[in-house]
Amino acid sequence: MTIKLTINGVPHQLDVEPDMPLLWALRDELKLTGTKFGCGVAACGACTVHVDGQPVRSCSYPIDAAADSSVTTIEGLGGAEGTHAVQRAWIENQVPQCGYCQSGMIMAVTALLDENPTPSDADIDAAITNICRCGTYPRIRKAIHELAATNNKSRKG
Amino acid sequence: MAALTRRNFLVGTGLVGGGILLGISFAPGRLATIRKQYKTKEASVLTTWVRITQDNRVSVIVPHSEMGQGVHTALPMMLAEEMEADWDLVRMEQAPANELFANDAVSKGFLLNGQRLPAILNPPADWASYKLAQLLDVQTTGGSSSIRFTGEFGMRTAGAAVKEMLIKAAAEKWGVAEDDCVARLSHVTHEKSGAKASFGALAEAAAAFEPNATPTLKDKKDFTIIGTSKQRFDIPDKVRGAAVYGIDADVPNMRIAVLKAAPVFGGHVAQLDKSSIAGRRGIEDVVQIKDAVAVIADNYWRASSALADLSVSFDAAGHGDVSSETIFTRFRAALDADDGKTNIVQGDVSIDGARALEADYKVPYLDHAAMEPMNCTAHVKDGKCEIWVGAQDPLACRGHAAKVLGISADDVTVHPLMLGGSFGRRSGVLMDYIERAVLIAAQVDYPVKVMWSREEDMQQGAYRPASISRFKAKLDEKGAPTSWENHYIRDEESAAVHIPYAIENQYIRVSEVDTHVPYGVWRSVASSQHGFYIESFMDELAHAAGQDPVAYRRALLADNPRHLEVLNKVAQMADWGRPLPQGRALGVALRESFGTVVGQIAEVSIEDGETRVHHVWCAADPGDVVNPDGFIAQMESGIIYGLTAALYGEITLENGQVQQENFPDYEVLRLATAPKIDVDIIRSGATLGGAGEPSTPPAAPAVTNALFALTGKRIRSLPLKNHDFA
């Protein structure tokens with residue numbers, strides 16, 4: 001069956017099974033390999049993308065659920081500017097090590113900050129449950145707080 | 001960041017517009033000295049390269065794998081320091097596919113980027129080619145060796161030699177004395193005449209000189225790059241999703257294979273009915289090798305869905321009754337039989353003491369659980385093999401593929417890609433990922449990306465061995481230890497059982513018990529077990545003596561000033577001895593591994609019956625440090641890796657096979673459970689130690705020692721999830 005959806009602003013029509021997880025449509029059909037396979041059971045978050053702005057774990061998200069939706073992957077996150085504020089904060093704080101989980105981590109964090117621009121530690125703990133085996137968590141927390149401080153400042157300003 | 005390929009260096013257009021490449025290799029005599037000093041195979045990795053282009057950019061070609069430890073930045077820093085390069089003009093290139101070094105003609109082409117070959121550079125070039133062709137496994141990344149060996153002996157020397165060549169070229173050009181010329185920020189200047197030339201402008205002339213294998217290295221007090229925090233080269237691509245990992249390999253006409261191996265290690269395919277998935281969309285082939293099957297399709301999901309429905313069974317190769325329980329029973333029986341070999345005997349262990357203590361410790365098997373599931377892409381055709389893989393030792397992969405396929409290593413090409421974590425799993429110790437991929441690829445015409453599901457990755461691992469360790473100690477009237485006995489299973493790395501503490505009588509021995517479980521090196525190797533054992537039992541001695549655990553250790557470290565300083569530093573950082581909030585306690589642990597001494601103090605509490613680690617203070621003496629922020633990141637990383645093992649890590653066996661399948665039943669630390677971490681670096685000037693591994697071993701005992709302080713319960717087995725603190 002043909003599934004229509006927009007990915008990073010580009011319309012696509014895919015002839016795939018409706019229950020194919022969005023992850024494998026992205027990676028194997030469209031060669032968008034920035035989104036990573038980690039567990040296949042929505043436990044690790046490496047495959048996180050946005051569907052209509054909401055974070056989803058694409059390994060367990062059937063593509064027909066994304067039909068007629070707008071999907072954003074790590075490749076499209078920066079938009080016209082090229083680099084999103086979260087990506088810049090990741091560079092500034094030297095967050096990634098092996099980097100494999102960071103596409104999903106960054107997508108989860110951007111979704112959190114869109115929803116809640118000044119999250120508390122408890123908000124971060126509840127929202128960001130992605131796994132990083134390199135243990136970059138302390139830097140992730142620090143980077144999120146820096147972004148929140150900037151958001152707070154601009155909101156007050 | 002671009003990896004070199006045959007094409008772009010042969011034609012010389014793929015990088016930054018050609019340029020001069022200077023190859024530095026070392027005389028065998030020098031190598032022999034270093035080998036004698038270090039006695040590891042890593043010491044052979046001593047050929048480093050620098051390319052200078054006419055636009056004055058410097059590319060450092062790094063023969064190690066980037067798996068998150070920052071080596072692709074730290075090694076160029078070491079070369080740039082000695083070379084006096086402007087760091088803003090320095091780039092990194094991953095060392096090229098390995099057969100290029102092993103092929104004499106091609107490596108000469110590589111050396112000179114297709115340009116003329118100065119005769120004087122011929123011997124080192126030939127020697128490098130010869131040496132690398134002889135030693136198939138000298139490109140390993142592991143054992144925290146990259147900085148210690150390649151960096152200290154390769155990169156720094158190469159950088160200094162290149163600087164000498166550039167100065168010589170400038171001096172000749174200007175007709176002045178070399179001694180009056182100074183290299184700084186990628187330029188050579190002659191102050192008296194005001195002459196100035198960029199490295200790029202001098203590079204071609206410099207390449208005509210023979211590199212000096214023993215140039216004068218800078219005094220560390222003059223360092224301007226080493227010891228400063230630099231942003232890593234690999235990070236911008238990683239935050240954009242642009243870094244290419246093994247799993248991202250995309251080769252024309254490639255298909256995807258999903259693997260299922262015999263669940264009981266050593267088992268074989270007993271029955272296979274390919275018709276069970278006949279006619280399904282996208283399925284290309286079902287391939288059988290002796291211990292596994294693979295479904296090949298045009299898409300991972302199609303292949304994995306079909307694999308789940310495939311009718312296949314495996315035998316248990318006689319291991320169907322093995323469980324974790326039967327393994328630990330055999331371990332205990334071996335200790336009870338006490339026929340282990342002697343490791344150290346000193347003094348008389350039967351000496352009387354005022355108090356005697358005994359304790360048995362144990363730890364389970366552990367999986368690496370790197371975020372990128374295992375995978376390897378291979379194309380086997382017409383007696384040749386091409387491989388795309390993220391691996392710690394691409395040259396060993398090349399040799400292993402050749403061996404498995406029965407072809408010459410010259411006919412195997414390995415394209416090294418990024419590693420999505422490894423922690424030892426993608427090392428050369430167990431190259432099942434190479435073996436299975438090439439055996440499957442050999443049965444089809446097209447390139448095939450062979451992939452492990454997470455479940456397969458977890459159940460077909462190369463496991464940190466389970467082990468047990470039995471201690472006996474005696475204390476004198478004042479509580480000081482007079483004897484230390486340790487008998488343990490199994491002999492993985494005997495240096496790991498040495499203790500830094502001054503105890504006169506030591507008797508340490510090991511017994512071997514073989515199992516069918518595949519062995520893997522796991523971050524910090526045997527120090528991951530013995531660090532927990534030794535530092536826990538030391539804590540037991542301190543408490544038995546009624547003494548403070550920091551003060552007790554301090555009194556036994558007079559002969560180990562580095563350990564003493566690290567211990568004092570971490571105690572100061574954590575303000576050891578301060579009053580703590582109700583329900584909190586501190587624990588300390590101290591461990592040297594891979595040349596770096598690490599002390600940690602953990603602050604813990606019990607929440608809802610479970611251990612909560614709030615804060616870890618870490619003092620580390622690696623001798624000196626190249627990229628301080630990168631070193632701190634490695635300490636943080638190793639601590640969290642060690643804490644995951646301490647709190648949750650456990651692979652168990654039942655009916656001969658691993659029971660855990662995926663992250664839901666192999667839990668790991670996450671943001672909500674990760675502690676605050678503070679790291680301080682002590683630059684003692686000792687021989688450079690490692691960064692990637694040494695902070696893992698103290699993490700578990702710092703926590704369990706804190707739990708003893710908090711609850712009075714001594715933890716002698718991991719993980720903590722199996723202990724009830726309610």
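This report walks through the domains, sheets, helix pairs and chain contact of a two-chain structure. Please keep in mind that the model is predicted.

## How the chains are divided

Let us start with chain A. Its domain assignment gives domain 1 (2-77) and domain 2 (80-156). The centres of these two domains of chain A, taken over C-alpha atoms, are separated by 21 Å. Where they touch, domain 1 of chain A contributes 16 residues and domain 2 of chain A contributes 15 residues. On the domain 1 side, the elements giving two or more residues are β3 (48-51), β4 (54-57) and α2 (74-77) of chain A. Of these, β3(A) provides the largest share, 3 residues. By character, the residues on that side of domain 1 of chain A are 7 nonpolar, 8 polar and 1 charged.

Chain B has been assigned domain 1 (6-233), domain 2 (246-317 + 374-451) and domain 3 (325-365 + 463-722). Between the centres of domain 2 and domain 3 of chain B there are 38 Å, again taken over C-alpha atoms. Their contact takes 11 residues from domain 2 of chain B and 10 residues from domain 3 of chain B. On the side of domain 2 of chain B that touches domain 3, you will find 7 nonpolar residues, 3 polar and 1 charged.

## Where the two chains meet

Chain A brings 44 residues into contact with 48 residues of chain B. Several helices of chain A take part: α1 (22-29), α2, α3 (85-92), α4 (102-115), α5 (121-127) and α6 (137-156) each supply at least two residues of the side that touches chain B. Which helix gives the most to this side of chain A? The answer is α6(A), with 4 residues. The side of chain A that touches chain B divides into 24 nonpolar, 13 polar and 7 charged residues.

## Two sheets in chain B

One open sheet has 3 strands in the order β5-β6-β7 (chain B), and its pairing is antiparallel. At its edges stand β5 (181-184) and β7 (195-198) of chain B; each has a single partner strand, so one side of each is left without a neighbour in the sheet. Neighbouring strands here are turned against each other by 20 degrees on average, direction ignored. The antiparallel pairing of β5(B) with β6 (residues 187-190) of chain B runs over 4 bridges, and B:Cys181 has B:His190 in β6(B) as its bridge partner. Helix α8 (residues 199-206) of chain B packs on this sheet, where it touches β6 and β7 of chain B. The direction of α8(B) makes about 80 degrees with that of β7(B).

Another open sheet is built from 7 strands in the order β10-β11-β8-β18-β15-β16-β17 (chain B), with mixed pairing. Its edges are β10 (283-289) and β17 (412-416) of chain B, and since each has a single partner strand, one side of each is left without a neighbour in the sheet. From one strand to the next, the twist averages 20 degrees. β10(B) pairs with β11 (residues 292-297) of chain B in the antiparallel sense over 6 bridges; B:Gln288 has B:Val293 in β11(B) as its bridge partner. Helix α10 (residues 300-309) of chain B packs on this sheet, touching β8 (255-261), β10, β11 and β18 (448-451) of chain B. The direction of α10(B) makes about 30 degrees with that of β8(B).

## Two helix pairs in chain B

The table gives the geometry of two helix pairs.

| Helix pair | Axes | Angle |
|---|---|---|
| α15 (527-544) and α19 (699-711) of chain B | within 8 Å | roughly 30 degrees |
| α12 (394-405) and α13 (432-441) of chain B | 9 Å apart | about 45 degrees |

The angle in the second row makes α12(B) oblique to α13(B), and their crossing is right-handed. The contact is made by B:Cys397, B:His400, B:Ala401, B:Val404 and B:Leu405 of α12(B) together with B:Ile434, B:Glu435, B:Val438 and B:Leu439 of α13(B). These residues divide into 7 nonpolar, 1 polar and 1 charged.

α15(B) and α19(B), by their angle, are therefore roughly parallel to each other. The crossing of α15(B) and α19(B) is right-handed. Here B:Gly531, B:Phe532, B:Glu535, B:Ser536 and B:Asp539 in α15(B) meet B:Ala700, B:Pro701, B:Thr704, B:Asn705 and B:Phe708 in α19(B). The contact of α15(B) with α19(B) has 4 nonpolar, 4 polar and 2 charged residues.

Conventions: Residues numbered from 1 in each chain as written. Chains lettered and ligands numbered in written order. Predicted model: local features only at pLDDT ≥ 70, side-chain atom pairs only at ≥ 80, totals over all residues. Domains from an automatic or database assignment. Contact = placed C-beta atoms within 7 Å. Nonpolar A, V, L, I, M, F, W, Y, C, P; charged D, E, K, R; others polar. Pairing = 2+ DSSP bridges. Axes fitted to C-alpha atoms, helices over the stretch in contact; angles between N-to-C directions. Parallel < 35°, antiparallel > 145°, perpendicular 65-115°, else oblique. Left-handed = near helix turned anticlockwise from the far one by under 90°.
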